[in-house]
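Good morning, colleagues. Thank you for making time for this short presentation. Please turn to the sequence and the structure on the screen.

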Amino acid sequence: MDYLEISRIITITASILITIGLYDQVIKIWKTRSAKDFTITLLIALFVNEIAWLNYGFALHEWPIILIGAANVPAIIIALVGYFKYGK
């Protein structure tokens, strides 16, 4: 394996862990009915970041970037809905 392949594996693994953590936080918001630990700035930044990564993935035709971005965007939208419902 060359450096690029190893780097891709590490990046995909880290991205999957971030996705799991994001969904875990979304579940926590809805179970506890509290989003007081979140800020709208963070949620908007996460959303813009994922849209940018999706754009980058499409530009490069890199399916791992596209799939992970496609998995994260719904979680961020659900977190935003939870924030507006339970954040105050």
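I shall begin with the overall layout, then take the helices, the loops and the charged residues in turn.

A word on the source: this is a predicted model, in which local features need pLDDT of at least 70 and side-chain atom pairs count only at pLDDT 80 or more, while totals for chains, interfaces and linings use all residues. Residues are numbered from 1 along each chain as its sequence is written, and side-chain values use heavy atoms, with hydrogens and water left out.

First, the overall layout. The protein has three helices and zero strands; here helices (H or I, at least four residues) and strands (E, at least two) are DSSP runs, numbered from the N terminus. Read from the N terminus, the order of elements is α-α-α. The C-alpha trace spans about 50 × 20 × 15 Å along its principal axes.

How much of the protein is buried? Of its 88 residues, 27% are buried. By buried I mean under 20% relative accessible area, by exposed over 50%, and by partly exposed anything in between, with a 1.4 Å probe and protein chains only. The protein exposes about 6200 Å², and carbon and sulfur atoms supply 70% of that area. Accessible areas come from the Shrake-Rupley method with a 1.4 Å probe, and for residues only the protein chains shown count as cover.

Contacts tell us how the chain meets itself. A contact means heavy atoms within 4.5 Å. Among contacts with a separation of 6 or more, 70% are between residues 24 or more positions apart.

Let us now turn to helix H1. This helix covers residues 3–32, and its 30 residues should span 44 Å at 1.5 Å a residue. The expected span is 1.5 Å times one less than the number of residues. The end C-alpha atoms of H1 are 43 Å apart, which agrees with the expectation.

At the start of H1 we find Tyr-3, which is exposed because its relative accessible area is 71%. Tyr-3 lies 57 residues from Leu-60 in sequence, and their C-alpha atoms are 19 Å apart.

Which residues of H1 are buried? Thr-19, Leu-22, Val-26 and Ile-29 are buried in this helix. Their cover includes helix H3, residues 63–86.

One residue of H3 deserves a closer look, namely Asn-72. Asn-72 counts as buried because its relative accessible area is 2%. Leaving aside neighbours within four places in sequence, Asn-72 is in contact with Thr-19, Leu-22 and Glu-50. Two of these partners, Thr-19 and Leu-22, are among the buried residues of H1.

For helix H2, I have chosen Ala-45 as an example. Ala-45 is partly exposed, since its relative accessible area is 44%. Ala-45 and Asp-24 are 21 residues apart in sequence, with 18 Å between their C-alpha atoms.

We come next to the loops. Arg-33 lies in the loop between H1 and H2, just after H1. Its phi is near 55°, a positive value in a residue other than glycine. Is Arg-33 buried or exposed? Arg-33 counts as exposed because its relative accessibility is 59%. Not counting residues up to four places away in sequence, Arg-33 touches Lys-28 and Tyr-86. The C-alpha atoms of Arg-33 and Tyr-3 are separated by 44 Å, with these positions 30 residues apart along the chain.

His-61 is found in the loop between H2 and H3. His-61 is not a glycine, yet it has a positive phi of about 60°. With a relative accessible area of 68%, His-61 is exposed.

Finally, the charges. The protein has 7 positive and 6 negative charges, and their mean positions are 21 Å apart. Lys and Arg count as positive and Asp and Glu as negative, whereas His and the chain ends are not counted. The place of a charge is taken as NZ of Lys, CZ of Arg, CG of Asp or CD of Glu.

How many salt bridges does a search of the whole structure find? The search finds one, where a salt bridge is a side-chain nitrogen of Lys or Arg within 4 Å of a carboxyl oxygen of Asp or Glu. Glu-62 forms this salt bridge with Arg-8, and the closest N and O atoms are 3.1 Å apart. The pair links distant parts of the chain, 54 residues apart: Glu-62 is in the loop between helix H2 (40–60) and H3, and Arg-8 is in helix H1. Arg-8 is partly exposed, with a relative accessible area of 40%.
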